[in-house]
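The following exercises concern a ligand site and the spaces around it. Please examine the sequence and the model before reading the solutions.

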Amino acid sequence: MIVIMEPEASQEHVNKVINKAQEYGFRTIINQGDLQTVVALIGDETKISGPDLFEELNGVRRVERIQVPFKLASKAYKHEDSVFEIYPGVKIGGAEDLLVMAGPCSVETEEGIMQTAKAAKASGAKVLRGGAYKPRTAPRTFEGLGELGLRLLKQAKDETGLPIVTEIMDIRDLDKVCENADILQVGARNMQNFSMLNEIGKAQKPVLLKRGMSATIDEWLLAAERIMHHGNSKVILCERGIRSFDAKYTRNILDVSAVPIIKKLSHLPIIVDPSHGTGKRHLVRSMCFAGVASGADGLMIEMHPDPENALSDGPQSLTFEQFDELMKEIRELESVMRKLNKTKNLVTA
Ligand code: PEP
Ligand code: MN
């Protein structure tokens, strides 16, 4: 961390910075220029809450961090990309095949989820998604089947062998969700539900951590850090679009640049969710391609037997046929990307 003093800062101001730095275990190097003094702090920056600890001192103009604010999730801590098994025989991360998670927004009926699971599997999806507890903005809309939804997901898994990812909305449901799901989904709205993240960190299930709709990349990685700090290192990040000023044509702005940025900062796997990222069926295909091209480890795609009549997120859900077609194209693009990445390291280009 570097503390840049005001030109008019006195020696006493500089001493206060040095004392505070030493209090927190930093070594200091003082660079006294003609106009300004700069104090370099050497030590573990993750031990302090943030630059404001020094910014608030008199005579300080600006403080710059050098280290990233997260540790366990960082590439500096672990150089190799994390690869982990989310279910026997199903891995994510590193140079593993692109992992596609697909299914309806919500589990609605037994017949619907069974049909969807079979279609998803036949087209090459490796994980079945489906919400049993739905975060809905408006009350009096469909909020999911709850426990019945979890049981139906389990039934679909027993039938197809596809592992399940489903959202946990209330930490009181943790045991029930863990019993039926293979991956715990933390939704965008709960990315900063810190008490939930703490508890999920103690669970021994992989976690799909969606990016909060207004979360910066550092905030998102700090949420991952929190889960990891509590003992669970199997965190998969999911870029699902962020809020911006133009919501006329898309539900969110899918930030595909987050993928190469995360790849630089973190060893954790990251997937892209073009369904929630755009909110529009006609944009899902191209944004899936963008996700693959960006270097994502997987995709999350919503599909439904009858999107027109879906109880949630119908406008962004693909039909089975559209999904099947898209999966073929995704495989082609994946092989092109593999070739390109072999000859040129795009991540560091
Ligand atoms: C979902 O996956 O159905 C969902 C509600 O996603 P998000 O939290 O990204 O809005
Ligand atoms: Mn949805």
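Three exercises with worked solutions follow.

The model is predicted, so local features need pLDDT of at least 70 and side-chain atom pairs count only at pLDDT 80 or more, while totals for chains, interfaces and linings use all residues. Residues are numbered from 1 along each chain as its sequence is written, chains are lettered from A and ligands numbered from 1 in the order in which they are written, and side-chain values use heavy atoms, with hydrogens and water left out.

**Exercise 1.** Determine which residues are closest to ligand 1 and describe its polar contacts.

*Solution.*
1. A residue is near a molecule if one of its heavy atoms lies within 4 Å of it. Ligand 1 is surrounded by 13 residues, of which Arg129, Lys134, Ala188, Arg189 and Arg240 are the closest.
2. Sorted by class, this shell holds 7 charged, 3 polar and 3 nonpolar residues; Asp, Glu, Lys and Arg count as charged, Ala, Val, Leu, Ile, Met, Phe, Trp, Tyr, Cys and Pro as nonpolar, and the others, Gly among them, as polar.
3. Polar contacts are pairs of N or O atoms within 3.5 Å. Arg240 places a polar side-chain atom 2.6 Å from an oxygen atom of ligand 1, and Lys210 does so at 3.0 Å. Ala188 contributes a polar backbone atom, 2.8 Å from an oxygen atom of the ligand.
4. On its own, ligand 1 has 290 Å² of accessible area, and the protein covers 98% of this (Shrake-Rupley method, 1.4 Å probe).

**Exercise 2.** Identify the pocket whose space ligand 1 takes, and characterise its lining.

*Solution.*
1. Ligand 1 takes the space of the second largest pocket. Its sitting there requires more than half of its atoms to lie within 2 Å of the grid points; a pocket is an open set on a 1 Å grid over the protein atoms alone, with protein on both sides within 12 Å along at least five of seven lines, and lining residues have an atom within 4 Å of a point.
2. The volume of this pocket is about 390 Å³. Its lining comprises 22 residues, with Pro135, Arg189, Arg251, His276 and Asp313 closest to its centre.
3. The lining has 10 charged, 7 polar and 5 nonpolar residues.

**Exercise 3.** State how the chain is divided into domains and how far apart the centres are.

*Solution.*
1. An automatic or database assignment supplies the bounds: domain 1 spans 2-64 and domain 2 spans 84-348.
2. Taken over C-alpha atoms, the two centres are 43 Å apart.

Notes: Polar contact = N/O pair within 3.5 Å; in protein donor to acceptor, adjacent residues only side chain to side chain. 1 Å grid on protein atoms, 1.4 Å probe; cavity = no way out; pocket = protein on both sides within 12 Å on 5 of 7 lines; lining within 4 Å. Points joined across faces, edges and corners; volume = space filled by probe spheres on them.
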